[in-house]
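Please walk me through this assembly. I would like to know how the protein chains meet and how they touch DNA.

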Number of protein chains: 2
Amino acid sequence: MRNTTFNIFLSNHFKNYSTFVHTIVVDTMKIEDIIKSKVISLELKTVLNLLHTSNIVQDKTSEVLKPFDLSSEQFNVLRILRGQKGVPASLSCVQERMICKMSNTTRLVDKLIAKDMVQRSICENNRRKVDIVITQKGLDILKQLDAPMKALNDSVIENLSTQETETLNELLDKIRS
Amino acid sequence: MRNTTFNIFLSNHFKNYSTFVHTIVVDTMKIEDIIKSKVISLELKTVLNLLHTSNIVQDKTSEVLKPFDLSSEQFNVLRILRGQKGVPASLSCVQERMICKMSNTTRLVDKLIAKDMVQRSICENNRRKVDIVITQKGLDILKQLDAPMKALNDSVIENLSTQETETLNELLDKIRS
DNA sequence: AAACAACAGTTGTATATACAACGATTAAAC
DNA sequence: GTTTAATCGTTGTATATACAACTGTTGTTT
């Protein structure tokens, strides 16, 4: 009863079971139901919807990458390096392009080096920087992943028309602007 | 040159600098630029846009919660428990409603117990289950967070009209359907 | 050119998360 | 009613992440 806006958050369906003393209420509402319900404010619903949908996509991505023993951020870094077309990238350059701006790109790259997917060397023009390049092995693995990842991305928007997809992108851009 | 779809991923602007031997290319494209560029496919753009926007909202949330020493999932659990209005929730019930369906709700609740924000007891009707309830301290902290969190959620959609916000929710729902 | 500040990465430490194995309890099968 | 299977949580272990302190390099000031 303290705060209307939030007390109605996650209000439930209740199934009633009779017991010897009390009426036990068991609820069955999941995050999906909450988002689609009308009991929460539009702004909270939108935030939950955004985060939840993103998590689902993230999970699907991890699923695709699991057989390759890659985390989604490791994959992302490989993809960034491939986009460099042979031009070495510094750590900070990689970091700027990562989805999560994660605090520790060093150790992420360490993992990729251990897998022989990237190489690291000191940048001769600025010895504070390191040059990171993707190896042939890294490229080979990315190539194997191209089809399944394309399929995954397609599946994300399969229920949307092209127009709807473009609208979605515009709305997301607006959120960040 | 291997795969058209992916080789164009994260293609760059190049600034040319003349050097004694090679032309060094330095690129300045950040994730924001990539998403708004036209060099990647619509489906990849959409996925990156979704994940990136979600991460930004997540970061803003963490920022608000930091002074209270709460992670966003801990906050989420507290909010779920408040929604129970005194009815104990089992771990699995909490888990279903969490944004991240995280593998370890036990330890997350442990942290909240250590902060005296929730209480745990064995459910007498089903001794496999545990009953979790929010404490007065937990409620007090949530109350302090209500205004800033509402402000945060509002800020997320501040650049969208009501109609646009509803459209966004519909499109996100469609992605998950 | 010496001193100071800014920059690019790295490392230490604490915490969080993922995943699988485990223990206890309840439900189902026979 | 005993055995088997399913459920609910917990714990161990390995890995990932967050945050701050630190090292080495470059840029700036005087």
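What follows takes the protein interface, then the symmetry, then one DNA strand.

This is a predicted model, in which local features need pLDDT of at least 70, side-chain atom pairs count only at pLDDT 80 or more, and totals for chains, interfaces and linings use all residues. Residues are numbered from 1 along each chain as its sequence is written, chains are lettered from A and ligands numbered from 1 in the order in which they are written, and side-chain values use heavy atoms, with hydrogens and water left out.

Start with the two protein chains. Chain B gives 78 residues to the contact and chain A gives 78 residues; contact means heavy atoms within 4.5 Å. The size of an interface is often given as the accessible area lost when the parts come together. Here the buried area is about 8,000 Å², and carbon and sulfur atoms give 61% of it. Buried area is the accessible area (1.4 Å probe) lost on putting two parts together, summed over both.

Now the polar side. There are 8 salt bridges between chain B and chain A, each a side-chain nitrogen of Lys or Arg within 4 Å of a carboxyl oxygen of Asp or Glu. One of them joins B:Glu43 to A:Lys150, with the closest N and O atoms 3.2 Å apart. Polar contacts link 27 residue pairs across the two chains, both residues at pLDDT 80 or more. A polar contact is a pair of N or O atoms within 3.5 Å; within protein, one must be able to donate a hydrogen and the other to accept it, and residues adjacent in sequence count only if both atoms are side-chain atoms.

How are the copies related? A rotation of 180 degrees with 0.0 Å of shift along its axis puts chain B on chain A, with RMSD 0.0 Å. The two copies are thus related as by a two-fold rotation axis. Superposition is by least squares on the C-alpha atoms of residues with pLDDT of at least 70 in both. Of the interface residues of chain B, 100% are also interface residues in chain A, so the copies meet through the same surface.

Turn to DNA strand D. It is surrounded by 20 residues, the closest being A:Lys111, A:Arg128, B:Ser92, B:Thr106 and B:Arg107. Near means that a residue has a heavy atom within 4 Å. A backbone N or O atom of A:Arg127 lies 3.0 Å from a phosphate oxygen of the strand. A polar backbone atom of B:Ser92 is 2.9 Å from a phosphate oxygen. A:Arg128 reaches a base: a polar side-chain atom lies 3.4 Å from a base oxygen.
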